Amino acid sequence: MRTRIDKLLDCGLIKENTVGEVVITALGQLELARWRFRNPTKNRFSIMGYEPSRRLIEKFFNPS
């Protein structure tokens, strides 16, 4: 884990403040946003052919 942090420090994506805490830089935030945009999370479950019952729809949307 420490080697990964060292690599990020070398790239300028994170820095250590005077207290010793690791803080992500603006450049690091931009790179993280790019990575998240390129690698969206994949759904673990998919529901095929799901159709809610008419009674449930009528219960919420029936004006009576």
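Let me start with the nonpolar surface patch, which covers about 290 Å² and is made by Ile24, Leu32 and Trp35. A patch here joins nonpolar side chains (Val, Leu, Ile, Met, Phe, Trp, Tyr) within 5 Å, or like charges within 9 Å, and its residues have over 30% relative accessible area and no salt bridge, a salt bridge being a side-chain nitrogen of Lys or Arg within 4 Å of a carboxyl oxygen of Asp or Glu. The areas come from the Shrake-Rupley method with a 1.4 Å probe, and for residues only the protein chains shown count as cover.

Please keep in mind that this is a predicted model, in which local features need pLDDT of at least 70 and side-chain atom pairs count only at pLDDT 80 or more, while totals for chains, interfaces and linings use all residues. Residues are numbered from 1 along each chain as its sequence is written, and side-chain values use heavy atoms, with hydrogens and water left out.

Trp35 of the patch is found in helix H2, and this residue counts as exposed because its relative accessible area is 52%; exposed means over 50%, buried under 20%, and partly exposed in between, with a 1.4 Å probe and protein chains only. Helices (H or I, at least four residues) and strands (E, at least two) are DSSP runs, numbered from the N terminus. The chain has three helices and two strands, and along the sequence they follow the pattern α-β-β-α-α.

Ile24, Leu32 and Trp35 appear again in the lining of the largest pocket, together with Arg4, Leu8, Leu13, Ile14, Gly28 and Glu31. H1 and H2 are the elements that give two or more residues to this lining, and H2 gives the most, with four.

Turning to helix H1, residues 2–11, we find that one of its ten residues is buried, so this helix lies largely in the open. Just after H1 comes Gly12, which takes a positive phi of about 85°.

Where, then, does Thr25 sit? Thr25 is in the loop between strand E2 (22–24) and helix H2 (26–38), and it counts as buried because its relative accessibility is 15%. Leaving aside residues up to four places away in sequence, Thr25 touches Gly12, Leu13, Ile14 and Lys15, where a contact means heavy atoms within 4.5 Å.

For the chain as a whole, buried residues make up 8% of the 64 residues, and the chain exposes about 6700 Å², of which carbon and sulfur atoms supply 57%.

Definitions and conventions:
1 Å grid on protein atoms, 1.4 Å probe; cavity = no way out; pocket = protein on both sides within 12 Å on 5 of 7 lines; lining within 4 Å.
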